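Welcome, and please have your viewer ready. We will go from stop to stop, selecting one thing at a time.

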Amino acid sequence: MKKLTRNECAQFLLTHDHYTILSHRRPDGDTIGSSAALCLGLRQLGKTAHVLYNAEVSSRFQWLHEGLTKEAVEEGDIIVSVDVASPGMLPKSFQHLLGKIQLRIDHHASATSFTDAELVDGGSASCAELVWDVLSIMGVHADKALGEAVYVGVSTDTGCFRYANTNAHTFAVAAECARSGARIYELNQELFETNTLGRLRMQAWIVDHMQLLRGGEMAICAIPKAVEDSIGVTEDDMDNISSFPRTVAGVCMAATLRETTDGDVKMSVRAVPGYDATKVTVPFGGGGHKGAAGASIKKPMAEAIKLVEQVMLAL
Ligand SMILES: [Mn+2]
């Protein structure tokens with residue numbers, strides 16, 4: 001595996017003409033915005049580029065991929081993944097492409113290499129910023145559609161510029177997006193200022209049921225599938241719900257556990273600076289960033305809660 005700088009990555013992308021771009025499973029604003037931005041930028045340079053159709057993209061973000069997707073990789077396509085930290089983060093329907101992916105653009109420091117070459121910057125708040133840096137080296141100009149794709153990635157991965165990963169570069173890229181004509185106010189309203197009733201009811205349930213540990217320094221929030229079903233939340237309602245328990249005053253690290261349809265548990269951990277969320281996820285084979293990390297736990301919920309509690313109490 002070859003490590004690339006932004007310049008080398010730009011040169012690589014300039015050299016070829018046909019691209020398929022991959023996003024990750026449970027796609028968030030960053031992987032969707034990054035893939036859309038890369039696709040639009042390559043097309044602006046006259047290249048043939050598509051985002052591989054990801055069935056898990058929720059209705060909230062579908063507009064970003066409109067007109068950009070295709071159903072299958074074509075002969076001769078260069079395959080590029082964006083915001084994908086490990087092979088396991090690829091959707092099941094993309095798994096057969098492992099071994100054929102030429103380039104990974106990513107910002108996960110605790111990543112597993114799985115491509116021929118990679119541009120990885122763990123200091124970048126979002127993958128979209130990295131994509132933008134590379135595109136601008138390539139001579140791409142940010143128009144409104146490209147600016148909005150980058151902005152969705154940058155703003156969602158920084159919690160609208162509130163998380164600790166936010167830095168001067170993040171704001172510089174956001175400024176480029178604003179200059180491009182991106183609808184900053186409308187996107188902020190839609191992504192950060194508006195809640196569905198389902199989401200608010202879920203937050204109310206969390207307030208009543210979260211378990212505080214170590215005198216309120218840490219929290220575990222275990223949401224049974226039956227509760228999600230009875231409230232009637234959608235995946236959009238649950239998007240980044242794990243950042244909510246952490247907003248309680250005094251809570252520095254919070255683990256949110258959700259039951260999957262297979263009866264296993266998906267855990268998301270959020271932490272403030274000085275705490276390391278990966279210390280809770282790595283013992284379960286997961287990964288992530290210090291501020292935000294995740295793991296899949298192949299245990300029933302009751303057992304998973306006990307194990308997570310043990311890990312948190314031992315930190
Ligand atoms: Mn990301």
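How many C-beta neighbours does phenylalanine 161 have inside 10 Å, and how exposed does it count as? Select phenylalanine 161 in this predicted model, in the loop between helix 5 and helix 6 (168-179). It has 16 such neighbours, and because a residue is buried only from 20 upwards and exposed at 12 or fewer, phenylalanine 161 counts as partly exposed. Check its backbone too: phi is near 65°, a positive value in a residue other than glycine. Most residues other than glycine have a negative phi.

Now jump to arginine 214, in the loop between strand 8 (211-213) and strand 9 (218-223). Here again phi is positive, about 50°, although the residue is not a glycine. Arginine 214 has 13 C-beta neighbours inside 10 Å and therefore counts as partly exposed.

**Zoom out**

Show the whole chain as a cartoon. You will find 12 helices and 13 strands, and the C-alpha trace spans about 55 × 40 × 35 Å along its principal axes. A compact globule of 315 residues would have a radius of gyration near 20 Å, so the 19 Å of this protein agrees with that. Buried residues make up 43% of the 315. Among contacts with a separation of 6 or more, 66% are between residues 24 or more positions apart.

**The sheet**

Next, pick out the open sheet of 7 strands, which pair in parallel in the order 1-7-6-5-2-3-4. At its edges are strand 1 (2-3) and strand 4 (69-70), each pairing on one side only.

Move to strand 2, residues 18-22, which pairs in the parallel sense with strand 3, residues 48-52, over 4 bridges. Select histidine 18 and you can follow its bridge to threonine 48 in strand 3. Strand 2 also pairs with strand 5, again parallel and over 4 bridges; try isoleucine 21, whose bridge partner in strand 5 is valine 80.

Stay with strand 5 for a moment: 4 of its 5 residues are buried. Strand 5 is joined by 3 bridges to strand 6 (residues 103-106), and the two run parallel. One pair to highlight is serine 81 with its bridge partner in strand 6, arginine 104.

**Helices and cores**

Now add helix 2 (residues 29-44), which lies across strand 2, strand 3 and strand 5 (78-82) and runs at about 165° to strand 3.

Which residues touch the most other members of the largest nonpolar core? Select Ile21, Ala37, Val131 and Val150: these do so in a core of 53 residues. Apart from that core lies another, of 28 residues, including Ala219, Ala255, Leu257 and Ala271.

Centre on alanine 37 and show what surrounds it. Leaving aside neighbours within four places in sequence, its contacts are Ala128, Val131, Trp132, Leu135, Leu146, Ala149, Val150 and Gly153.

For the last stop, display helix 4 (residues 127-137) with helix 5 (residues 144-157): their axes come within 7 Å and cross at roughly 145°. Helix 4 brings Cys127, Ala128, Glu129 and Trp132 to the contact, while helix 5 brings Val150, Gly153 and Val154. Colour these by class and you should see 5 nonpolar, 1 polar and 1 charged residues.

Technical notes: Residues numbered from 1 in each chain as written. Predicted model: local features only at pLDDT ≥ 70, side-chain atom pairs only at ≥ 80, totals over all residues. Rg over C-alpha atoms; globule rule 2.2 N^0.38 Å. Contact = placed C-beta atoms within 7 Å. Axes fitted to C-alpha atoms, helices over the stretch in contact; angles between N-to-C directions. Nonpolar A, V, L, I, M, F, W, Y, C, P; charged D, E, K, R; others polar. Core = buried A, V, L, I, M, F, W, Y, C linked by C-beta atoms within 7 Å. Pairing = 2+ DSSP bridges.
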